[in-house]
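User: Hi! I am new to protein structures and would like to learn how to read one, feature by feature. Could you guide me?

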Amino acid sequence: MVTGVSKNQLRFLMLCAIWGSTWIGTKAGIDVVPPLLFAGTRFTAAGILLLLYAWTRGEKASLKLQDGFRFTAVSILMITLCYGPLFWGMQYIDSGTAAVLEMSLTPIALLVFALLLNEERLDSRRILAIALGVSGLIVLFWPASSHKTSPSPDPFPGASLWGGLAVAAAAFTYGYGSVLARPLLRTYPALFVAGMTTLVGGIALLISALAFEPGALSALSGNWGTTAWLGWFFLVIFGSLIGYTTFMRLLRDIGASRAGSYAFVSPVIAVGLGAAVFAEQITVMDVIGIVVMLSGAYLAMSGVPATESATCES
């Protein structure tokens, strides 16, 4: 055990490292495969594997009828209504604006819904942590987005506006679903909750892709190429099986707003990987933004409990 670092802090760092690198797999996939289909197949496969893994570990759980609606709501909110609008909206706004919207609004949404549903209490530390994190994100991403034009002329009137609203909405559906999931994590093993929500949400996303996404049906042939498949497997294993389950455990132990501060560290990982893998330049403003974001994350995560008493510790 590392002295001075709790189990949950280690989980948090692992989550940041994983989700900070998933953009590589996502980019490799959606450059070739329709985005909703790519996400839907990823989450469906991850859900099946998670439930099988839970079963082999003897972590079978009987789903109580009264919890069925909450499981369904969490699945649709965190997976289907998050990734669907997110990928759709990103077609019509530049990546810098999308990053600021999605990453800055996610921790805010998590805190707001945690307060509304009486899962957490407001304190000055959390407010300051989120303020620092959001400020750092704006410093890091806003200059890049302000020097870019729209990826292409709006295909319909107001496309940029609706795209931005869709990305923002994704952060709030994810935040609401995450807070709704916490009571389930007090009753059911984290592996089971992660497996059920990714499976149900993934199937709904897959159905939506096949019904509405151009090219989704033909892409089911699987003729994606090696790079896209490698990205898909990386997202299934690391992004979903490991990353999503870790996030669920953090939700259970430290609450939604603290767990959501990964959004202030993952971009740092992404920027570092961009510099290391693609030789992207890191400017002075980037460094300032990174320092401010990490300060917010440190403030949010300092002093968190190693574990919190929970009915299901898996």
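User: Let me start with a pair of residues: are Arg126 and Glu120 buried or exposed?

Analyst: Burial is judged by relative accessible area, found with a 1.4 Å probe on protein chains only: under 20% is buried, over 50% is exposed, and in between is partly exposed. Here both Arg126 and Glu120 are buried. Before we go on, please note that this is a predicted model, in which local features need pLDDT of at least 70, side-chain atom pairs count only at pLDDT 80 or more, and totals for chains, interfaces and linings use all residues. Residues are numbered from 1 along each chain as its sequence is written, and side-chain values use heavy atoms, with hydrogens and water left out.

User: Thanks! What share of the chain do buried residues make up?

Analyst: Of the 314 residues in the chain, 53% are buried.

User: How many helices and strands does the chain have?

Analyst: Helices (DSSP runs of H or I, at least four residues) and strands (runs of E, at least two) are numbered from the N terminus. This chain has twelve helices and zero strands, so its pattern along the sequence reads α-α-α-α-α-α-α-α-α-α-α-α.

User: How do I read one helix, say H12: what length does it reach?

Analyst: The expected span is 1.5 Å times one less than the number of residues. Helix H12 covers residues 284-301, which is 18 residues, and reaches 26 Å from its first C-alpha to its last, close to the 26 Å expected.

User: Which residues of H12 are buried?

Analyst: A general idea helps here: an α-helix has 3.6 residues a turn, so residues three or four places apart point the same way. In H12 the buried residues include Asp286, Gly289, Ile290, Met293, Gly296, Ala297 and Ala300.

User: How many salt bridges does the structure hold?

Analyst: A salt bridge is a side-chain nitrogen of Lys or Arg within 4 Å of a carboxyl oxygen of Asp or Glu. The structure holds seven. In one of them, the side chains of Glu119 and Arg182 meet at 3.5 Å, N to O. Glu119 lies in the loop between helix H4 (95-116) and helix H5 (124-146), while Arg182 is in helix H6 (residues 159-185), so the pair ties together parts that are 63 residues apart in sequence. Both Glu119 and Arg182 are buried.

User: Which residues form salt bridges with Arg126?

Analyst: Glu120 is one of them, with the closest N and O atoms 2.2 Å apart. Asp123 also meets Arg126 in a salt bridge, at 3.4 Å, N to O. Asp123 counts as partly exposed because its relative accessibility is 30%, whereas Arg126, at 15%, counts as buried. Elsewhere, Arg11, Arg252 and Asp253 are linked in a network of salt bridges.

User: What does the side chain of Arg182 reach at 3.2 Å?

Analyst: This is a polar contact, meaning a pair of N or O atoms within 3.5 Å; within protein, one must be able to donate a hydrogen and the other to accept it, and residues adjacent in sequence count only if both atoms are side-chain atoms. The Arg182 side chain reaches the backbone oxygen of Arg252. Arg182 counts as buried because its relative accessibility is 7%.

User: What is the phi of Asn118 near?

Analyst: Most residues other than glycine have a negative phi. Asn118 has a positive one, near 60°. This residue sits in the loop between H4 and H5 and counts as exposed because its relative accessibility is 70%.

User: One last feature: which residues line the largest cavity?

Analyst: On a 1 Å grid over the protein atoms alone, a cavity is a set of points where a 1.4 Å probe fits but cannot get out, and lining residues have an atom within 4 Å of a point. Grid points are joined across faces, edges and corners, and a volume is the space filled by probe spheres set on the points. The largest cavity has a volume of about 50 Å³, and its lining is made by Arg126, Ala129, Ile130, Ser257, Arg258, Ser261 and Ala300. H5 gives the most to this lining, with three residues. You have met Arg126 before: its salt bridge partners include Glu120.

Definitions and conventions
On a 1 Å grid over the protein atoms alone, a cavity is a set of points where a 1.4 Å probe fits but cannot get out, and a pocket is an open set with protein on both sides within 12 Å along at least five of seven lines; lining residues have an atom within 4 Å of a point.
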